[in-house]
Amino acid sequence: MIGIFRLMRTTAFVSVLIVSLATTALSMGIWAISLTAQVTTMTASAAAAAIANRKAIAAAIARTKAKARLRRALVILPIAGVAAAVAFEREDYLEWKEENPEGDVQDYGCEVSQISAEVIDDVLQDLPEQVRPSKDWLLARMPSCDKVEPDLGIPAK
C-alpha cells in the first residue's frame, strides 16, 4: 500500500511539474510573439518617420536655395553679375538633375518658380524699401506651370 501511495505521489508530482512547465513554455512563446510584433511595429514606424523627416529636410533645403536664388537675382551686376548668376543657376540645376534624373529643364523651372513664389515675401522684407520691387511685378515674371504635385506643391510632368 505504501508503494502505491509513493507511486501516486510521484505521479502527481511529475504531472504537476509537466503541466507547470508546459504552461510556462506556452506563456513564454506567446510573450515572445507579442514582443516580436511590437518590435516590427516600432521598426515600421521608425522607417516611416525617417522618410517623412527626409522629405521635410529636402523641402527646407529647396526653400533655402530658392531664397538665395532670389537674392542673387535681385542684386545682379551687369555682365559679371549675369555670368555669376548663370554659373550659380547651372550648378543648382546640375544638383537638381542628379536628384531628379527623369526631369527636364521645364520641370526644374517649374519647381524653382513654385518654391520661389513661396519665399518671395521673406526675401522682399529683407531688402531696403527704396530698392524693394513689387511682389506682383516679380510674380508676373515667373513662369507658370500647369500641374502641381499635391505632396510638395512642386510642378509635375
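Q: If helices (H or I, at least four residues) and strands (E, at least two) are DSSP runs numbered from the N terminus, how many of each are in the chain?
A: There are four helices and zero strands, and from the N terminus on the elements run α-α-α-α. This is a predicted model, in which local features need pLDDT of at least 70 and side-chain atom pairs count only at pLDDT 80 or more, while totals for chains, interfaces and linings use all residues. Residues are numbered from 1 along each chain as its sequence is written, and side-chain values use heavy atoms, with hydrogens and water left out.

Q: How much of the chain is buried, and what area does the chain expose?
A: Buried means under 20% relative accessible area, exposed over 50%, and partly exposed in between (1.4 Å probe, protein chains only). Buried residues make up 17% of the 157 residues in the chain. By the Shrake-Rupley method with a 1.4 Å probe, where for residues only the protein chains shown count as cover, the chain exposes about 11800 Å², of which carbon and sulfur atoms supply 67%.

Q: Which residues form the largest nonpolar core?
A: In soluble globular proteins, nonpolar side chains tend to be buried together. A nonpolar core is a set of buried Ala, Val, Leu, Ile, Met, Phe, Trp, Tyr and Cys residues joined through side-chain atoms within 4.5 Å. The largest here has 10 residues, namely A66, L70, I115, V119, I120, V123, L124, L127, L138 and M142. Helices α1 (2-74) and α3 (105-126) are the elements that give two or more residues to this core, and α3 gives the most, with five.

Q: What do V119 and S116 touch?
A: Contact means heavy atoms within 4.5 Å, and residues up to four places away in sequence are not counted in either list. V119 touches R63, A66, K67 and L70, whereas S116 touches A66, L70 and M142. S116 has its place in helix α3 and, with a relative accessible area of 3%, is buried.

Q: How many aromatic pairs does the whole structure hold, and how are the rings of Y93 and Y108 placed?
A: Rings of Phe, Tyr and Trp (its six-membered ring) pair if their centres lie within 6.5 Å, with planes under 30 degrees apart counted as stacked, over 60 as edge-to-face and the rest as tilted. A search of the whole structure finds three such pairs. The rings of Y93 and Y108 have centres 5.2 Å apart and planes at 75°, so this pair is edge-to-face. Because Y93 lies in helix α2 (residues 80-99) and Y108 in helix α3, the pair ties together parts that are 15 residues apart in sequence. Both Y93 and Y108 are buried, and ring pairs link Y93, W96 and Y108 into a cluster.

Q: Which side chains meet in salt bridges, and how many bridges are counted?
A: A salt bridge is a side-chain nitrogen of Lys or Arg within 4 Å of a carboxyl oxygen of Asp or Glu, and by this rule the count comes to two. The side chains of E118 and R63 meet at 2.8 Å, N to O; since E118 lies in helix α3 and R63 in helix α1, this pair ties together parts 55 residues apart in sequence. K65 forms a salt bridge with E95, the closest N and O atoms being 2.5 Å apart, and this pair links K65 in helix α1 with E95 in helix α2, 30 residues apart. K65 is partly exposed at 28% relative accessible area, and E95 is partly exposed at 31%.
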